[in-house]
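This briefing is meant for a reader meeting the structure for the first time. Please keep the sequence and the 3D view at hand while going through the points.

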Amino acid sequence: MVDNKFQPKPEDKFTFGLWTLGNPGRDPFGPPTRTPPTPVEIVHILSEIGAYGVNLHDDDLIPLGTGAAERDRIVAEFKKALADTGLKVPMATTNLFSDPAFKDGAYTANDPAVRAYALQKTIRSIELGVDLGAKVYVFWGGREGTESDATKSPLDALKRMREAINFLSDYVRDQGYDLKFALEPKPNEPRGDIYFPNVGAMLGFIATLDHPEMIGVNPEMAHEHMGGLNFLHAVAQAWDAGKLFHIDLNDQNYARYDQDYRFAAQTLKQSFYLVKFLEDVGYAGSRHFDAHAYRTEDVSGVKDFAVGCMRSYLILKEKGKQFNADKEIQDLLAEVNSGADKFAWLAGGYSKDKVKQLLGQEFDRVALGARALHYERLDQLTTELILGVR
Ligand code: DIG
Ligand code: MN
Ligand code: MN
């Protein structure tokens, strides 16, 4: 029996992509193990379990090659399910990685016809997303990479990606859409190496674009972990830069293929720090789970997966509040941050006087090195709080 204390509600802003509950259990070494629910069934399942919204690639709802009349019928049926349930579509994105036409990339492909086709497909997909109410448009360049760097110069790839995003930014501005772009990095898979491999690289790329103000990042936990990086630090840097426009939550063992596990299924402590950060800073965007159930699961297991993602987030959110209210933990943090007032005069930037005062300052560096910081105690208290014994 699931207790109601961590019952997800639409105001928690949990969202799932159609492709997550729609994952058929296929992997590189085996065929599908389950018949997934249809997009309309997914909307009803998500509404039933307390989700806020559903996201989609164009092809998730409208299969490649669908004719205009059938397309309109599918969209009308989907919109009815949204109206019947109150579910929102906060984010949309384009599938630029399944069609073999994109085997050498989409925006960065050597073939200019492929690059043009990718732009056309994106424009049509933006129209669908805007029609469904999306306010964030994600770009994940799954095929924008190489297996051999003999095939193209990375400078050409960068230039082509920049031209594509600038063109599409101008399209959205020209149409007057209330739509922001969120670029999603990943280091590799399905390509041997993917351009813009992590949040840092993507933030650097955004600064080179014509309209950076409308472009942020969509960090994914599994993707930074694949690169052996600290996801909290990546998200914090995006937040600091005012570029955390969306986030893909899941879980992942380090240095593995993209496992897209249920949120908090693998790295509980990192998941705790991440949830605590999002809640402490007041992140108001979607908590989007870009993950899927184990291949072993049937459709009831897929529902368990979705409920598990949301419940774990809510439980860790509660733990974050507990951490902030835990006197022993907060006293330890106050102690390691004590003495800040002694150097308050150094804050607020440079001055000649400050340099003079700094050069005249005596430091007992031996005492600085000998200072007890109690981080073992602090981390153990945090561990025990997460384990539920505090
Ligand atoms: C992979 O992590 C990508 C695709 O699932 C999708 O294009 C994007 C949006 O969450 N993430
Ligand atoms: Mn992923
Ligand atoms: Mn993702």
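In this predicted model, the site of the manganese ion (ligand 3) is irregular, with angles of 74 to 176° among its 6 donor atoms. For comparison, ideal angles at a metal are 90 or 180 degrees for six octahedral donors. The points below take up that site, the manganese ion (ligand 2) that shares Glu220 with it, and then the division of the protein into domain 1 and domain 2.

**The manganese ion (ligand 3)**

- The protein supplies donors to the manganese ion (ligand 3) from Glu184 (OE), Glu220 (OE), Asp248 (OD) and Asp290 (OD), and these lie 2.0 to 2.2 Å from the ion.
- Along the sequence, the donor residues of the manganese ion (ligand 3) follow the spacing E-x35-E-x27-D-x41-D.

**The manganese ion (ligand 2) and the bridge**

- For the manganese ion (ligand 2), the protein donors are Glu220 (OE), His223 (NE2), Asp258 (OD) and Asp260 (OD), at 2.0 to 2.5 Å from the ion.
- The spacing of the donor residues of the manganese ion (ligand 2) in sequence is E-x2-H-x34-D-x1-D.
- Glu220 appears among the donors of the manganese ion (ligand 3) and among those of the manganese ion (ligand 2), and it bridges these two ions, which lie 4.5 Å apart.

**The two domains**

- Domain 1 covers residues 4-318 and domain 2 covers residues 327-386, and their centres, taken over C-alpha atoms, are separated by 40 Å.
- In the contact, 4 residues come from domain 1 and 5 residues from domain 2.
- Between them, domain 1 and domain 2 bury about 380 Å², of which 70% is on carbon and sulfur atoms.
- Of the area that domain 1 buries against domain 2, 85% is supplied by Lys269, Phe272 and Tyr273, more than by any other three residues.

**Polar and charged links between the domains**

- The interface of domain 1 and domain 2 holds 1 salt bridge by the rule applied, and the side chains of Lys269 and Asp379 meet in a salt bridge at 2.6 Å, N to O.
- The rule also finds 2 residue pairs in polar contact across this interface, while the residues on the side of domain 1 that touches domain 2 comprise 3 nonpolar, no polar and 1 charged.

How values were computed:
Residues are numbered from 1 along each chain as its sequence is written. Chains are lettered from A and ligands numbered from 1 in the order in which they are written. This is a predicted model: local features need pLDDT of at least 70, side-chain atom pairs count only at pLDDT 80 or more; totals for chains, interfaces and linings use all residues. Side-chain values use heavy atoms; hydrogens and water are left out. Domain bounds come from an automatic or database domain assignment. Contact means heavy atoms within 4.5 Å. Buried area is the accessible area (1.4 Å probe) that two parts lose on being put together, summed over both. A salt bridge is a side-chain nitrogen of Lys or Arg within 4 Å of a carboxyl oxygen of Asp or Glu. A polar contact is a pair of N or O atoms within 3.5 Å; within protein, one must be able to donate a hydrogen and the other to accept it, and residues adjacent in sequence count only if both atoms are side-chain atoms. Ala, Val, Leu, Ile, Met, Phe, Trp, Tyr, Cys and Pro count as nonpolar, Asp, Glu, Lys and Arg as charged, and the others, Gly among them, as polar. Donors are N, O and S atoms within 2.8 Å of the metal (3.2 Å for Na, K and Ca); water is not among the atoms, so sites may look incomplete. Four donors count as tetrahedral if all angles lie between 85 and 135 degrees; four count as square planar and six as octahedral if opposite donors are over 155 degrees apart and all others between 65 and 115; anything else is irregular.
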